[in-house]
Amino acid sequence: MDLCVTIKGVSFLLQTGLGVLGNTLVLLAYVHIAHGADHKLLPTDLILCHLAFSNLVLLLTRCVPQTMTVFGLHDLLDDAGCKVVIYLYRITRALSVCLTCMLSVFQAATLAPDAPRLKAALPALVLPSFAGLWLLNMAVCIAAPFFSIAPRNGTVPAFTLNLGFCHVDFRDYLSYVINGVAVSVRDFAFVLLMLLSSGYILLILHRHSCQVRSMRRGAAQGVEMRAAKTVVTLVVLYAVFFGIDNVIWIYMLTVAKVSPVVADMRVFFSSSYAFLSPYFIISSNKRIKGKLVCAVEQQQSPVETQTSNEK
């Protein structure tokens, strides 16, 4: 096997395996929290749980078949399979940016000092917001199934995204550009809102650090401030990969035939947020980290007891 193909395959394999593991751990931790003694989930917890689910589906529908294709497995899906997989991938990729934006907006509203009514209404807005985002992205991505087909023998037509396991054939330049512009406008709108709300969070954090507070009040707000720093870091992480992804995407809109290397680079960078974000969530969220550490200790305890008995 060619060295470049091997490096590409191993990179996708590590990204997919570690990403699926990380997001699964976050979901299992939240399930354990929801069914445990401290079963109350905050709005930010629900959003992070939904984000982990979206990232998990994104990795399964995009990176798993991509990895299999890199290692030489072909004819994975027929036309119907391609339509379902590409549609789910497009929706979950869009949900990733929308939920990160929602997380930033909700955290900004939580920290807002002069909005007690809005803060009290946040828990009731979570599920309607989820429903609205799903409906929005299902509508924006509705064209994906119509253009998705299984790979055909022979050359790849112009204005076709060659994903390896599937082709997205836009048939003409106008459809190609309209699809790209619609997706980009939606993404840029949510990223702009995300950055504005994160800027507001940073302003509040700056004011908080400059004010002299009593020990009791400082302790009460410590959890919110740590959560705010986590949200801002997630936003920065997404913004970096979003920028790289869209630079490559804009380039792809300017050419009729896209090089497989360029397409693979875009897949890798666009999936990097879904791969890295769960590990940052685990490292910065004490509740999730505590549940995972507790689960590991419970697994180790019977093993240690059995070892001591054998001795």
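Start by selecting Met68, which is partly exposed, with a relative accessible area of 32%. That value falls between the 20% limit for buried and the 50% limit for exposed, which is why Met68 gets the in-between label. Keep in mind as you click around that this is a predicted model.

Now colour the helix around Met68: the residue lies in helix H2. Add Gly9 to your selection and draw a distance between the two C-alpha atoms. Met68 and Gly9 are 59 residues apart along the chain, yet their C-alpha atoms are separated by 8.2 Å.

Next, show helix H1 (residues 3–34) together with helix H2 (residues 43–70). How far apart are the axes of H1 and H2, and at what angle do the helices pack? The axes are 8 Å apart, and the angle is about 155°. That makes H1 roughly antiparallel to H2, because angles over 145 degrees count that way. Turn the view until one helix sits in front of the other, and you are looking at a left-handed crossing of H1 and H2. Bring up the side chains where H1 meets H2: the contact has 17 nonpolar residues, along with nine polar and two charged ones.

While H2 is still on screen, jump to Cys63. Is Cys63 buried or exposed? Cys63 counts as buried, at 0% relative accessibility.

Staying with cysteines, select Cys82 and Cys166 and show them as sticks. These two form a disulfide, with their sulfur atoms 2.0 Å apart, and the structure holds one such link. Look along the S-S bond: the angle about it is -90°, and the link of Cys82 and Cys166 is left-handed. Which parts of the chain does this pair tie together? Cys82 sits in helix H3 (residues 79–111), while Cys166 is in the loop between strand E2 (160–162) and strand E3 (167–169), so the bond joins parts 84 residues apart in sequence. Switch on a surface and both ends disappear from view: Cys82 is buried at 0% relative accessibility, and Cys166 is buried with a relative accessible area of 0% too.

From the loop that holds Cys166, move on to the strands. Three of them form an open sheet, ordered E1-E3-E2, and the pairing is antiparallel. Strand E1 (148–149) and E2 are the edge strands, each pairing on one side only. Zoom in on E1 and E3, which pair in the antiparallel sense over two bridges. For a last stop, pick Ile149 and look across to E3: His167 stands opposite.

Technical notes: Residues are numbered from 1 along each chain as its sequence is written. This is a predicted model: local features need pLDDT of at least 70, side-chain atom pairs count only at pLDDT 80 or more; totals for chains, interfaces and linings use all residues. Side-chain values use heavy atoms; hydrogens and water are left out. Axes are lines fitted to C-alpha atoms, for helices over the stretch in contact, and angles run from 0 to 180 degrees between N-to-C directions. Helices (H or I, at least four residues) and strands (E, at least two) are DSSP runs, numbered from the N terminus. Angles under 35 degrees count as roughly parallel, over 145 as roughly antiparallel, 65 to 115 as roughly perpendicular and the rest as oblique. A crossing is left-handed if the near helix is turned anticlockwise from the far one by less than a right angle, and right-handed if clockwise. Ala, Val, Leu, Ile, Met, Phe, Trp, Tyr, Cys and Pro count as nonpolar, Asp, Glu, Lys and Arg as charged, and the others, Gly among them, as polar. A disulfide is a pair of cysteine sulfur atoms within 2.5 Å. Buried means under 20% relative accessible area, exposed over 50%, partly exposed in between (1.4 Å probe, protein chains only). Two strands pair if DSSP finds at least two bridges between them.
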